[in-house]
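Okay, thanks for coming, everyone. I'll put the structure up and then walk you through it.

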Amino acid sequence: MSIKRSLLSVPFRFCNMALIFSFLLLGINAFAADPEVSDSEDAIKAGESLFNANCKTCHKLDQKFTGPALRGVSDRRDIAWIQAFIKNSQKVIQSGDADATALFAEFNNTVMPAHPFLSDEDVMNLLSYIEYGGQEEAAPAEGGAEGAASGATSSGVPSEYLTIILAVLVVVLLLILIVLGLIVSVLTKYLNKQPLEEEDKEFINQKTDFKKVLKSDAFIIIVTAIVVALVAKTAIDGLYTVGVQQGYQPTQPIAFSHKLHAGDKEIPCQYCHTGVEIGRSANIPSPNICMNCHMHVQNVAGKEGVSPEIQKIYDAVDNNQPIEWVRVHNLPDLAYFNHSQHVKVGGIECQTCHGPIEEMEVVRQHSALTMGWCIDCHRKTDIKTAGNEYYDKLVQLHSESKDALKVKDIGGLECAKCHY
């Protein structure tokens, strides 16, 4: 009987192993969360705001960044430990806590800023977002990148293609002239062999007097008209470039790399440019914003000592002097532009106007930023109305039209919108 029981138990064990293995496959990236952590939408939304304001520059939810991956932290640590560490990590480390000391060493003794202003409720909301929010971060963000790229590029044939097309047309015309010349030569030889009257022969064999052609009134008028047209076109093109600074890339007082900060570290533009969602100007960050991170980050790539460029920030703070950044994007005073209207209300990505800023070591003006460039964008850009109450009434007024609601349909081409 014992043999039968053991044999009967074999498939049972295999079933158990298969079931466990399937659960492992399905939930390989899943983390258990502490039951105290709420999964309500309100808590997750509140936690997302706190995360974006205080944690996003150094942490990701599902992978290591400047700091450790955070999802599942309530399963790995006690809630009380998490609250103490978030509010003052150095105090926990100095107390000799083994877990805190190990984390500090693992991430190259990077000091996490203290957050004493966060309440216990704030921390719990933060944990709600860490455990249950941000699931979309795992999905590839190809759509946004493609949208920014498509918005940053203008329609039409690129100028280099136009040059190639013109060159091909010139070559074709030259070939046609050569062929016509050969045809005339063959016909002339053929007609000379035919019995013709003297007048006809003289007409066939007549030669062009280029001196008379060059001195003729018609030739002088044609050449003069061409020269005047070329000069006028050059002058008009020059006038169109007055005030246009596309490609302008000045040297800044501090070698700040957007590629490092916005690209590699994925720091949101809004973290430094604080006015971009609330006012007309995006604001140039003051040294105190830089010091939020550079109180602790004193060099790059793990190098010892203080970087000479970061030292310039410390000097500005110590001497109470502003950093004299050189303005790159500068619209004329006669034009009104509001960042919050485009970024907050319109949902326009920074790259639409500023280009691939996250790839620039030194910032340059990517777009022309002329009136024609803006109007062209207003004519072609669809308004993002989904979930945006600001546009509800406009959508109702536009409901009878089959075309998508564009900026031009809500006054985007009115002079007074930008010139007041």
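Quick definition before anything else: when I say contact, I mean heavy atoms within 4.5 Å. With that in hand, take the contacts in this protein with a separation of 6 or more: 66% of them are between residues 24 or more positions apart.

Keep in mind that this is a predicted model. The average pLDDT is 83, and 86% of the residues score at least 70. Two stretches I'd leave alone. Residues 1-30 stay under 50 in pLDDT, and the model gives them 0 contacts beyond four places in sequence. Residues 138-155 also stay under 50, with 8 contacts of that kind.

So what is it built from? The secondary structure comes to 21 helices and 0 strands. Of the 420 residues, 24% count as buried. The accessible surface is about 29500 Å², and 61% of that belongs to carbon and sulfur atoms.

Now, the record. UniProt, in an unreviewed entry, lists residues 161-187 and 218-236 under "transmembrane region". What does the model show there? Residues 161-187 are 100% helix, with the end C-alpha atoms 39 Å apart. Residues 218-236 are 100% helix as well, and there the end C-alpha atoms are 27 Å apart.

Let's zoom in on one helix, α6, residues 98-106. Which of its residues are buried? Those are Ala100, Leu103 and Phe104. They sit on the same side of α6, because they cover an arc of only 100 degrees around the axis. That fits the usual rule: an α-helix has 3.6 residues a turn, so residues three or four places apart point the same way. And what covers the buried residues of α6? The cover includes α4, residues 79-87, and α5, residues 89-94.

The ends of α6 are worth a look too. At the N-terminal end, Asp97 acts as a cap, with a side-chain oxygen 3.1 Å from the backbone nitrogen of Asp99. Just after the helix, Asn108 takes a positive phi, about 55 degrees.

Last stop, for those of you who like histidines: His378, which is in helix α19, residues 371-380. Is His378 buried or exposed? The cut-off for buried is under 20% relative accessible area, and His378 comes in at 15%, so it counts as buried. Leaving out residues up to four places away in sequence, His378 touches another histidine, His342, along with Lys406, Val407, Lys408, Gly412 and Leu413.

That's my tour, so over to you.

Notes
Residues numbered from 1 in each chain as written. Predicted model: local features only at pLDDT ≥ 70, side-chain atom pairs only at ≥ 80, totals over all residues. Heavy atoms only, no water. UniProt positions renumbered as here; feature names shortened; annotations may be inferred. Helix = DSSP H or I, 4+ residues; strand = E, 2+ residues; numbered from the N terminus. Buried < 20%, exposed > 50% of the residue type's maximum accessible area, 1.4 Å probe, protein only. Arc of directions from axis to C-beta. Polar contact = N/O pair within 3.5 Å; in protein donor to acceptor, adjacent residues only side chain to side chain. pLDDT = per-residue confidence, 0-100. Areas by Shrake-Rupley, 256 points an atom, 1.4 Å probe, with all protein chains shown as cover.
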